[in-house]
Amino acid sequence: MKYYSGLDVSLKETFISIVDEKGKIVKEEVVASESDAIAKCLLDQDKRYEVIGIESGQLSISMCKELRSFGLPVVCVDARHMAAALSARINKNDKNDARGIAQMMRVGLYKEVLVKSDESCQIKVALGSRRQLICSKQQIVGTIRGLLKIHGIKLGKRSKFETFALRIQETINNVDEISRSSIEALLHSLKQ
């Protein structure tokens with residue numbers, strides 16, 4: 001007999017539903033959202049799975065890779081497509097979502113999405129970190145400009161950071177100690 005499973009993953013726990021080829025629920029369980037716990041639950045059933053579905057999301061990339069390393073036939077499915085199909089169900093909750101995912105796997109009504117490679121994930125992390133650092137730097141520069149306006153200091157044109165830092169150091173010499181040390185702390189954070 002063929003078996004199918006649906007996983008509804010949240011940060012703390014995962015609802016697992018296993019159905020047979022006729023759609024009958026064979027097993028349902030809630031486990032910690034850790035790949036070891038999920039794999040143990042699925043493998044302990046001693047079933048041959050045709051496909052195991054997990055919705056795309058923040059945890060799905062690592063979860064799919066880790067569950068596949070246990071030899072489980074996991075596919076990542078489009079969360080929007082699955083949400084549209086599951087929204088028709090009367091009682092929308094995690095348990096019923098896992099059931100719905102399992103049934104969709106059984107009848108083949110899902111859109112598989114690509115699980116990013118390790119290299120793609122590394123590039124995403126590097127680009128996301130860089131984008132955040134640039135945004136933070138621009139926000140701090142804007143904050144410094146705004147704080148200086150309190151003292152009537154208008155900086156004018158934007159310039160390179162080195163020139164900007166020198167101009168700030170020169171202009172804050174005549175402001176009070178608290179303002180000067182606060183602005184210098186912001187400047188120092190930009191140099192890191």
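Let me start with a term: a residue counts as buried when its relative accessible area is under 20%. Hi everyone, and please keep in mind that what we have here is a predicted model.

With that cut-off, look at strand β1, residues 3–9. Of its 7 residues, 6 are buried, so the strand is largely enclosed by the rest of the structure.

Who are its partners? On one hand there is β2, residues 13–20, which runs antiparallel to β1 and is joined to it by 7 bridges. The two are connected by a hairpin through 3 residues, and if you'd like a pair to click on, Val9 sits opposite Thr14 of β2. On the other hand there is β4, residues 49–55, which runs parallel to β1, with 5 bridges between them. Here, try Leu7, which stands opposite Ile54 in β4.

Now to the nonpolar packing. The largest nonpolar core has 19 residues, and the ones with the most contacts inside it are Ile16, Ile38, Leu42, Leu67 and Leu72. At least two residues each come from β1, β2, α1 (35–44), β4, α2 (60–69) and β5 (74–77). Helix α1 gives the largest share, with 4 residues.

Let's zoom in on one of those residues. Which residues does Ile38 touch, leaving aside its neighbours within four places in sequence? Ile38 is in contact with Leu7, Thr14, Ile16, Val31, Ala32, Ser33, Met63 and Leu67. You'll recognise Leu7 as the residue opposite Ile54, and Thr14 as the one opposite Val9.

Finally, scroll further along the chain: there is a second, separate core of 13 residues, and among them are Ile144, Leu148, Leu155 and Val175. Thanks, everyone!

Methods. Residues numbered from 1 in each chain as written. Predicted model: local features only at pLDDT ≥ 70, side-chain atom pairs only at ≥ 80, totals over all residues. Heavy atoms only, no water. Buried < 20%, exposed > 50% of the residue type's maximum accessible area, 1.4 Å probe, protein only. Pairing = 2+ DSSP bridges. Core = buried A, V, L, I, M, F, W, Y, C linked by side-chain atoms within 4.5 Å. Contact = heavy atoms within 4.5 Å.
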